[in-house]
Amino acid sequence: MPAVSQVRNDWSRDEVLALFALPFTELLHRAATVHREHFDPTEVQVSTLLSVKTGGCPEDCGYCPQAARYHTGVEATKLMSTEDVVAKAKQARDAGASRFCMGAAWRSPKDRDIPKVAAMIREVKALGLETCATLGMLTDTQAHALRDAGLDYYNHNIDTAPDFYGEVIHTREFQDRLDTLAHVRDAGMKTCCGGIVGMGESREQRAGLLHALATLPAHPDSVPINRLVQVAGTPLSGTALLDPFEFVRTIAVARLLMPRSMVRLSAGRETMSDELQALCFAAGANSIFHGEKLLTTGNPDTEHDQRLFERLGLRPMHVASADVASDCSTTVHAAITGEAA
Ligand code: SF4
């Protein structure tokens, strides 16, 4: 087996499956070793995300409470005004944020939306913040327009394995996701791209998700690994829960496959015990979302995260470290440390 910390884009699915099949402690040891080769394992990047347009989405992603067709109690909102977004960005900056991520529940932005989002990006950038957005699928022209406005990062998840995609989403194709990621890369922006596990997929399909990420032309700068948040009213509500050890394995394999990427615990963290999160950090996760809301689902509160960091001897990653392999969203150090970054 080649040195696991080598950055490779030619993983085979069998190799990925073989990593999943390692004895648990051996897998964690290998992942922790690779983590240390590229990062300080005591540092965790802390991020927040602002939903600038919530709900009412025409897509049918089976996990998502923002899809208009599911009755989940999420109220659709219009695109926030630039003024309101800038006010939130200022709050984040004053709390120590270095990067600000704006999310909109769109299949894809309409061309007429681009100047509005571009204005937000320009004004957020003028505050001295790095900018990130997640707006759905982009055309090449839209990607360049956002880049020209100053967008640094674009989040676009591939969701799940290519061979499970049709079980979860019927309103777009897996290839559509790859096309948008190519437009983002071609425009010169950094990518934030991961997926969701616990949607009823098999281990082979979890391996397929990670294989698809690790064989992209360039590894995503940031890899959010979400655990399904089961929301009543969505088709995936009631799915059998994923074995927590299998979730940790997924984190560890992601770390081994993409050694220089930020591997982020994202949605689903509020249902994880402190012990499970600690195992994930030991397995190479080095980024979290925090705050009371993660788009429309809950997230552990800041004080709880602060206590967990103290108990584990972890500290928020500083910007200079984060820039080595950055993630896509607002980085807030102050909220978790109680002081400005
Ligand atoms: S995940 Fe995104 S694209 Fe899918 S329904 Fe939700 S908001 Fe729409």
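**Exercise 1. Find how many bridges join β8 to strand β9, and how the two strands run.**

Solution. Four bridges join β8 to β9, which covers residues 262-265. The two strands run parallel. For one facing pair, take Pro224: this residue stands opposite Arg264 in β9. Keep in mind that this is a predicted model.

**Exercise 2. Name the strand that three bridges join to β8, and give its direction relative to β8.**

Solution. Look at residues 195-197. They form strand β7, and three bridges link β7 with β8. Again the strands run parallel. Here Ile196 is the residue opposite Asn226 in β8. So far, then, β8 has bridges to β7 and to β9.

**Exercise 3. Determine the handedness of the two β-α-β units that contain β8.**

Solution. Start with β7. Follow the chain through helix α8, residues 203-214, to β8: this unit is right-handed. Now start from β8. Helix α9, residues 244-257, leads on to β9, and this unit is right-handed too.

**Exercise 4. Decide which residues of β8 point which way, and whether they are buried or exposed.**

Solution. Strand β8 spans residues 222-227. Sort its residues by direction. Ser222, Pro224 and Asn226 point one way. Val223, Ile225 and Arg227 point the other way. Next, check burial. Six of the six residues are buried, so the strand is mostly covered, given that a residue counts as buried with 20 or more other C-beta atoms within 10 Å of its own.

**Exercise 5. Describe the largest nonpolar core and the surroundings of Ile251.**

Solution. The largest nonpolar core has 91 residues. Ala133 and Ile251 have the most contacts inside it. The largest share of this core, eight residues, comes from α9. In soluble globular proteins, nonpolar side chains tend to be buried together. Now list the contacts of Ile251, leaving aside neighbours within four places in sequence. They are Ile225, Val263, Cys280, Ala283, Gly284 and Ala285. Ile225 is one of the buried residues of β8.

**Exercise 6. List the residues around the ligand and sort them by type.**

Solution. The ligand is surrounded by Cys57, Glu59, Cys61, Cys64, Gln66, Ala67, Ala105, Arg107 and Gly136. This shell divides into five nonpolar, two polar and two charged residues.

**Exercise 7. State how many helices and strands the protein has, and what share of its residues is buried.**

Solution. Count the elements: 13 helices and 14 strands. Then take burial: 51% of the 341 residues count as buried. Last, look at contacts with a separation of 6 or more. Residues 24 or more positions apart account for 80% of them.

Terms used. Residues are numbered from 1 along each chain as its sequence is written. This is a predicted model: local features need pLDDT of at least 70, side-chain atom pairs count only at pLDDT 80 or more; totals for chains, interfaces and linings use all residues. A residue is buried if 20 or more other C-beta atoms lie within 10 Å of its own, exposed if 12 or fewer, and partly exposed in between; C-beta atoms are placed from the backbone. Two strands pair if DSSP finds at least two bridges between them. A crossover is right-handed if, with the strands pointing away from the viewer, the path from the first strand over the helix to the second runs clockwise. A residue is near a molecule or strand if its C-beta atom, placed from the backbone, lies within 6 Å of it. Ala, Val, Leu, Ile, Met, Phe, Trp, Tyr, Cys and Pro count as nonpolar, Asp, Glu, Lys and Arg as charged, and the others, Gly among them, as polar. Two residues are in contact if their C-beta atoms, placed from the backbone, lie within 7 Å. A nonpolar core is a set of buried Ala, Val, Leu, Ile, Met, Phe, Trp, Tyr and Cys residues joined through C-beta atoms within 7 Å.
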